[in-house]
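I opened the model today to look up how its helices and strands are arranged. My notes follow in the order in which I checked things.

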Amino acid sequence: MSSVVRPAVSDQGNQGPLTQGKYRPISSHLAIAPPVSVVIPAMNEAENLPYVFKTLPDWIHEVVLVDGNSTDDTVQVARDLWPEVRVVEQQGKGKGDALITGFEACTGDIIVMVDADGSADGQEIVSYVSALVSGADFAKGSRFANGGGTSDMTPIRKLGNRVLCAIVNAKFGARYTDLCYGYNAFWRHCLDKIDLDCTGFEVETLMNIRVVKAGLKVQEIPSHEYLRIHGASNLRAVRDGFRVLKVILKERSNRRALRRRPHAVALNSTQGEVT
């Protein structure tokens, strides 16, 4: 996937027709050509969406809201706040299912994942996009990288995240400082290489593991996670922690199987030649 980074020119008189039509200024010194899609999975988040949408930059190509059968005014509020929003109805259940549904609906070259609870600052999207157009395949948000932080993690969740992150780093050769965080961005072509197939909160861990297994270039982006503004999270630390661990063990097992497979094929091939 090729990308172009050019300075954003403020003097419209010096811009040619091609530059005016092709490049989107995203900061005082950066403009991009690739369209950016933002995916927001939401279920009964009508009260939080105003805080989410007010931080989204106006240069993004599209917002895809995946509605998980909300019983409040989530969809109408989204349309009032962002008239061009694309609303996709989720047929299954779970955050993973919602994200997969949203990814399939995106038309942009770059896809950004943003939670609907108001915990993410949309102004950080420029940092994610900058990393991607500068050469990264996957821009991974981190609350524990230099410059990051969190206002919404209990001690038990911090400990669990640290332990699970250490396991992934040791087993898959990653160098993550954060594992279970849902603020990420990536080039659309990455979806062909990571083949997502889980439905719950563990989808973020699965993505982080599979981008490493696929040999994709990952760059961590310092991010601050704010408190959920309204309502209660569906996340359950112990239950979802075990689901994350199960994904890690399954992916590790699959990796071992793949390592053995080429040797078996070569052995069979040699035997065939001898006979």
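Entry 1. I began just after helix H6, where Gly173 has a positive phi, near 75 degrees. I note that this is a predicted model. I found a positive phi at Gly135 too, about 135 degrees, just after helix H5.

Entry 2. I went back along H6, residues 155-172, to check its length. At 1.5 Å a residue, its 18 residues should span 26 Å, and the end C-alpha atoms are 26 Å apart, which agrees.

Entry 3. Which residues of H6 are buried? I listed Asn161, Leu164, Cys165, Val168, Asn169 and Phe172. Looking down the axis of H6, I see these buried residues within an arc of 140 degrees, so they line one face of the helix. I recalled that an α-helix has 3.6 residues a turn, so residues three or four places apart point the same way. On the face of H6 turned away from the buried side, I found the exposed residues Pro155, Ile156, Arg162 and Ala170.

Entry 4. For H5, residues 125-133, I wrote down the buried residues: Ile125, Tyr128, Val129, Ala131, Leu132 and Val133.

Entry 5. Next I traced the sheet. It is open, has 7 strands in the order E6-E5-E4-E7-E10-E8-E11, and its pairing is mixed. Why do E6 and E11 each have one side without a neighbour in the sheet? Strand E6 (86-89) and strand E11 (218-222) stand at the edges with a single partner strand each, so one side of each is left free of a neighbour there. Neighbouring strands of this sheet are turned by 20 degrees against each other on average, direction ignored.

Entry 6. I looked up some pairs. Strand E8 (138-142) and strand E10 (184-187) pair in the antiparallel sense over 3 bridges, and Lys140 has Asn184 in E10 as its bridge partner. Helix H3 (74-81) packs on the sheet and touches E4, E5 and E6; the direction of H3 makes about 170 degrees with that of E5. Helix H4 (95-105) also packs on the sheet, touching E4, E5, E6, E7 and E10.

Entry 7. I finished with strand E4. E4 pairs with E7 in the parallel sense over 4 bridges, and Ser37 stands opposite Ile111 in E7. E4 and E5 are parallel as well, over 6 bridges, with Val38 opposite Val63 in E5. Is E4 buried or exposed? I counted 7 of its 7 residues as buried, so E4 is largely enclosed by the rest of the structure. Both faces of E4 are covered, with Val36, Val38, Ile40 and Ala42 buried on one side and Ser37, Val39 and Pro41 on the other.

Terms used. Residues numbered from 1 in each chain as written. Predicted model: local features only at pLDDT ≥ 70, side-chain atom pairs only at ≥ 80, totals over all residues. Heavy atoms only, no water. Pairing = 2+ DSSP bridges. Helix = DSSP H or I, 4+ residues; strand = E, 2+ residues; numbered from the N terminus. Axes fitted to C-alpha atoms, helices over the stretch in contact; angles between N-to-C directions. Contact = heavy atoms within 4.5 Å. Buried < 20%, exposed > 50% of the residue type's maximum accessible area, 1.4 Å probe, protein only. Expected span 1.5 Å × (residues − 1). Arc of directions from axis to C-beta.
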